[in-house]
Amino acid sequence: MQELFNKWYNYFMDPEQQKKRQTLRILFSEAMMVLSVIIIMTVLIMITSGYWINQNFEVERRGMLEVFSAPTGADIIIDGESDWLAKTNNSRIVSKGEHLVTIKKEGYGDWSKKVTIEEGLMYRIPYVRLFPIEAEVEKVSEIDAKLSSVSPNRNLMLLINDSTTWKLLHLDNDKANATNVDVSGLFGDAAATIIGASWSADNNRVLLEATVNDGTEWFVLDLKDASKNISLTKAFGMNFDTVEFFDKPGDNLLVIDEGELRKININEQSISKILASKVTSFNIYENSVVYISGEVEKKVSVLKKIDDAPIDLYDVSGGKTFAALTRSYRDNYLTVISDSTLTLYKGKLPRDKNDKNSFEKIFSVGIDFVPEDIHVGGDGDFVAMRSGKNIAALDMESENVTKFEVEDEQVDWLDGYMLYVVDEDGDMVVYDFDGLNRRELSKNASKRLSATVTEDRWLYYFSDGWLVRENLTIK
């Protein structure tokens, strides 16, 4: 009995034994804490990587869906199901496969689109715009104009008329203030009919294409300093076929003159050597230019920088041909449209002429019409093609082409992702760039004067000689 008591005493009461047990408890607790942290971190890493346990208790890898909308805070409904945490301007985990995404907010019309989520990847929808079900029309000012053009930031609108004083509308406030633009010395004594206008990326210069004395001439209008207005046609003595701003401030332009691609510097009034010959079209992407050259046997080539030697990429057979460079995530996309066939390539810009296979062909698809022009929008998120009422759009996010038909051949862009037409009844019909959301908005809108959405708040358009607007936000 004494021996048993001694063992009990030594185990429970002996200070040395207590220290050992305390040490073991500490070591065990720390080991469990480390193990718990490892398990939690592993679970978090798996969740952020898209792994999830499904209803069958199987581990599957999901994808992510990120939706941005105007207005913000709209409900995201996936396949008819929603939860109170699923709001726009956020991302959420979604199982892989095809899903119907619907965006709703009280007082606004719904928006929806089918998307395909891939495991471990994010699908972005950055362009959802919801319009109020009921909107009041407010007259802003009476306008006399033959043509209008909207700046890239959508905050300025140039109103063009037959006088020597045009109007510049400032739409970045609640009053739509107007300032005068002096064009008295721009056209000289000639009567000019403006047929097209485009803006520099910094919104300070406007490139004008005009018919003068039965010929086409090009002009640059400087909105900050009228003394810098210039007639490109007279300054360089050339009848340019195509002119586009090359850099953000509009100091440099790219031109095609009788098939020769050159660069013009406005400030120095200088023109470069021939950059490429037999050029029929080009597309500017950052500091690079992709262009089509040749008459029967055509080539797609790129200038990585404007003064670099050309790098030939692909031979193209066909009639009317366009090419466009864009970027999505870390990849460059090269879109080539030859007659009614669209081919998409993905990869990196070649390092030199020996690296021409840096692009991988993704697919070729027929679009059922020969485009008259192309439009790169949404910061390179899509390329839209048009012929008459027919539109085709290549979405870089899904690498998918959609085709649709609009009500009128005169197509314009309401913002970076939405196009619109005015039908024969004067109704403004708005489409997402891919045609998957169609909405009828305003009545009695003008066809010849532009409409725009600015500040994610106002829809501006022209009606019966008035500039009018609708508030897109509901208080």
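In which strand does Glu-217 lie? The views below, taken from a predicted model, begin with that residue and proceed to a hairpin and to several salt bridges.

**View 1. Glu-217 is a buried acidic residue without a salt bridge.** Glu-217 belongs to strand S16, which spans residues 215-222. The nearest side chain of opposite charge is that of Lys-234, at 5.1 Å from Glu-217. A salt bridge requires a nitrogen to oxygen approach within 4 Å. Beyond its neighbours within four places in sequence, Glu-217 is in contact with Leu-208, Glu-209, Ala-210 and Val-212, and also with Ser-231, Thr-233 and Lys-234.

**View 2. Strands S18 and S19 form a hairpin.** S18 comprises residues 242-245, and S19 comprises residues 252-257. The two strands pair in the antiparallel sense over four bridges, with Val-243 standing opposite Val-255 of S19. S18 has two faces: Val-243 and Phe-245 lie on the covered one, whereas Thr-242 and Glu-244 lie on the uncovered one. Six residues separate the strands, and Gly-250 in the turn adopts a positive phi of about 75°.

**View 3. Asp-251 and Arg-205 are joined by a salt bridge.** The closest N and O atoms of this pair are 2.8 Å apart. Asp-251 is located in the loop between S18 and S19, and Arg-205 in strand S15 (residues 205-212), so the salt bridge ties together parts that are 46 residues apart in sequence. Arg-205 counts as buried because its relative accessibility is 5%. Asp-251, at 21% relative accessibility, counts as partly exposed.

**View 4. Arg-386 and Glu-372 form a salt bridge.** Their closest N and O atoms are separated by 3.2 Å. Arg-386 is found in strand S31 (residues 382-387), while Glu-372 occupies the loop between strand S29 (359-366) and strand S30 (373-377); the pair therefore ties together parts that are 14 residues apart in sequence. Arg-386 counts as buried, with 17% relative accessibility. Its partner Glu-372 is partly exposed, having a relative accessible area of 39%.

**View 5. A salt bridge between Asp-408 and Lys-447 connects two loops.** The N to O distance between the two side chains is 2.8 Å. Asp-408 lies in the loop between strand S33 (400-405) and strand S34 (412-413), and Lys-447 in the loop between strand S37 (438-440) and strand S38 (452-454). The pair links distant parts of the chain, 39 residues apart. Asp-408 is buried, with a relative accessible area of 14%, whereas Lys-447 counts as partly exposed at 36% relative accessibility.

**View 6. Lys-113, Asp-395 and Asp-434 are linked in a network of salt bridges.** Side chains of opposite charge can pair when their charged atoms come close. The structure as a whole holds 25 salt bridges.

**View 7. The complete chain contains three helices and 40 strands.** Of its 475 residues, 46% count as buried. The accessible surface comes to about 25200 Å², and carbon and sulfur atoms contribute 48% of that area. Among contacts in the chain with a separation of 6 or more, 41% are accounted for by residues 24 or more positions apart.

Note on methods
Residues are numbered from 1 along each chain as its sequence is written. This is a predicted model: local features need pLDDT of at least 70, side-chain atom pairs count only at pLDDT 80 or more; totals for chains, interfaces and linings use all residues. Side-chain values use heavy atoms; hydrogens and water are left out. Buried means under 20% relative accessible area, exposed over 50%, partly exposed in between (1.4 Å probe, protein chains only). Two strands pair if DSSP finds at least two bridges between them. Contact means heavy atoms within 4.5 Å. Accessible areas come from the Shrake-Rupley method with a 1.4 Å probe; for residues, only the protein chains shown count as cover. Lys and Arg count as positive and Asp and Glu as negative; His and the chain ends are not counted.
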